[in-house]
Structures are given as C-alpha cells and as structure tokens.
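Hello,

Here is the structure I promised to send over. Have a look at it first, and then read on for what turned up.

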Amino acid sequence: SRLLFKGKPATQLIIRDITGQKRKEKIQAALYKISQASVNAVDLKHFFEEIHAIIKSLMPADNFYIALYNKKENTLSFPYFVDEYDDFDKIAKGNVDVGKGFTAYVLKSKKSLIIDQKMEKQLLKAGKIDPIGSPTKIWIGILLKYQQEIIGVLAVQDYHNANAYGENEKQILTFVSEQIAQAIVKVRDEEMKMKYLKDLEIAKNKIEHSAKQLLEVNNELKNSEEKLKEVN
C-alpha cells in the first residue's frame with residue numbers, strides 16, 4: 001500500500017547513525033592487532049613503535065611514553081619516549097629518580113588517572129607534584145601491571161586539546177597496558193634466558209681453556225720427568 005501523509009503520497013526514509021558502530025569495529029580491530037603484537041614481540045623497541053602507531057589510530061597520541069619502575073632502587077627508566085616538545089636526553093635519559101611528576105603520582109596512587117589542568121593546579125597547590133616538562137592541557141597515565149605487580153606506567157598527553165581524552169580512551173589504554181605488561185615480562189624473561197645461556201657458554205669456554213692449559217702443563221711435567229730419568 002502507498003504511504004500517505006496528510007492525504008498526499010509520501011516517501012519514508014529511515015536513517016541509522018553507524019558512526020558509533022564503525023568506531024567500535026575500529027577499536028576491536030586495533031585491540032586485536034595489539035594482542036597479536038604482544039604475542040609475537042621479540043624486541044621491545046620495535047614492539048613499542050608498533051603499539052604507538054596503533055594507539056595513534058584511535059586517539060591523539062603524538063606524545064607517548066613507557067616508564068618502567070624499579071621498586072628496589074625507586075627509579076624510572078624510559079625504553080620508549082616520543083614528545084613534541086620535551087627532549088628525551090634532558091627529561092628521561094637513563095635511570096632517573098622517581099621524583100614528583102605525574103608518573104610518580106600515578107605510581108604512588110596505585111591507580112590510573114586522567115590529569116587535566118584543573119587537577120594539576122590542585123596537586124601543585126597541595127605539594128603532591130612538581131612541575132616537570134612542558135605544560136600540557138591533559139595527561140593520562142595507565143598503570144602497567146603484571147600479576148598485580150606494578151612494573152611501570154603508560155602515558156599519553158596532549159598539549160593543545162583539553163578534551164583529547166576521557167573514560168573511553170582510558171578503557172582502551174587499560175586494555176593496551178595489560179598487553180604491554182605481558183610483552184615486557186615475556187621479552188625480559190627471554191633476554192634473561194639468553195644472557196644465562198651466554199654466560200654458561202662463556203663459563204664452558206673458560207673451563208675448556210683451563211682444562212687445555214692443565215693438559216699442556218701435565219704433558220710438560222711428564223716430559224720433564226722423563227728427562228730427569230735419562231739424566232739419572
């Protein structure tokens with residue numbers, strides 16, 4: 001039957017917004033790529049570069065870093081650090097004291113946080129943080145945890161857009177952090193195993209070299225003994 005509107009022929013249009021669905025599919029595809037990258041990770045630098053590129057496809061992430069926490073020495077190391085303004089050599093080169101920056105505050109709080117300018121002012125006023133690096137509009141830090149042990153912080157920040165991150169981005173990065181933590185521990189274990197095998201090989205070579213030297217000394221002693229017999 002024909003559709004009528006106020007007695008006149010009409011056409012009915014049904015419009016469905018699929019933007020949300022497409023974004024959801026994009027996020028799922030990206031998270032799958034991250035899972036695959038974490039399983040196949042053999043080199044952390046390459047792995048971090050790959051993860052950074054995937055995150056950039058989901059949110060503003062021109063400024064991204066991984067900070068690893070050494071609880072025993074209370075220091076941070078930065079195996080991956082990309083920033084528009086801050087110089088890695090000045091801010092994060094080598095092992096540095098945990099200090100009182102955003103990263104330290106997340107570690108102390110033992111929870112992931114979004115820190116905007118309002119919260120930053122409150123923390124500065126309360127003396128809970130010190131200003132480190134260039135002023136930012138918004139910063140988000142996600143704990144890296146492996147089997148409930150905190151091993152570091154993943155962080156992104158935006159110097160231009162105060163609304164760059166929200167709870168959705170926090171949830172995405174939380175999932176990413178789990179994959180990163182697993183990959184870090186996996187690669188570390190592999191590196192430790194390789195170092196152990198290398199040390200064993202070095203020790204074996206030393207023992208073999210010492211055994212060869214002992215054999216040579218023993219042969220020399222036998223020769224000397226035979227010469228003594230001849231002299232006698």
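**Salt bridges, a buried aspartate and the sheet**

Asp62 is partly exposed, with a relative accessibility of 42%. Please keep in mind throughout that this is a predicted model.

Asp62 forms a salt bridge with Lys56, and their closest N and O atoms are 3.5 Å apart. Lys56 also counts as partly exposed, at 42% relative accessibility.

How many salt bridges does the count come to? The total is two. Besides the pair just described, Glu49 and Lys45 meet through their side chains, N to O, at 2.6 Å. These two residues sit four apart in helix H2 (residues 44–56), so about one helical turn separates them. Glu49 is partly exposed, with a relative accessible area of 34%, while Lys45 counts as exposed at 52% relative accessibility.

Now to the residue I would like you to look at: Asp83. You will find Asp83 in the loop between E4 and helix H3 (88–91). Asp83 is buried but has no salt bridge. Where is the nearest side chain of opposite charge? That side chain belongs to Lys56 and is 12 Å away from Asp83. A salt bridge needs a side-chain nitrogen of Lys or Arg within 4 Å of a carboxyl oxygen of Asp or Glu.

What does Asp83 reach instead? Its side chain comes to 2.7 Å from the backbone nitrogen of Asp86. The side chain of Asp83 also makes a polar contact of 3.1 Å with the side chain of Gln157. Leaving aside residues up to four places away in sequence, Asp83 touches Asp62, Asn63, Gln157 and Tyr159. Asp62, then, is a contact of Asp83 as well as the salt-bridge partner of Lys56.

Finally, the sheet. Six strands make up an open sheet, ordered E5-E4-E3-E8-E7-E6, with antiparallel pairing. At the edges are strand E5 (96–97) and strand E6 (113–116), each of which pairs on one side only. Within the sheet, strand E3 (residues 63–70) and strand E4 (residues 75–82) are antiparallel partners over six bridges. One place to see this pairing is Tyr69, whose bridge partner in E4 is Leu76.

Helix H4 (residues 102–109) lies across E3, E4, E6, strand E7 (138–146) and strand E8 (149–158). Relative to E7, helix H4 runs at about 45°.

Happy to go through any of this with you on screen.

Best wishes

Terms used
Residues are numbered from 1 along each chain as its sequence is written. This is a predicted model: local features need pLDDT of at least 70, side-chain atom pairs count only at pLDDT 80 or more; totals for chains, interfaces and linings use all residues. Side-chain values use heavy atoms; hydrogens and water are left out. Two strands pair if DSSP finds at least two bridges between them. Contact means heavy atoms within 4.5 Å. Axes are lines fitted to C-alpha atoms, for helices over the stretch in contact, and angles run from 0 to 180 degrees between N-to-C directions. Buried means under 20% relative accessible area, exposed over 50%, partly exposed in between (1.4 Å probe, protein chains only). Lys and Arg count as positive and Asp and Glu as negative; His and the chain ends are not counted. A polar contact is a pair of N or O atoms within 3.5 Å; within protein, one must be able to donate a hydrogen and the other to accept it, and residues adjacent in sequence count only if both atoms are side-chain atoms.
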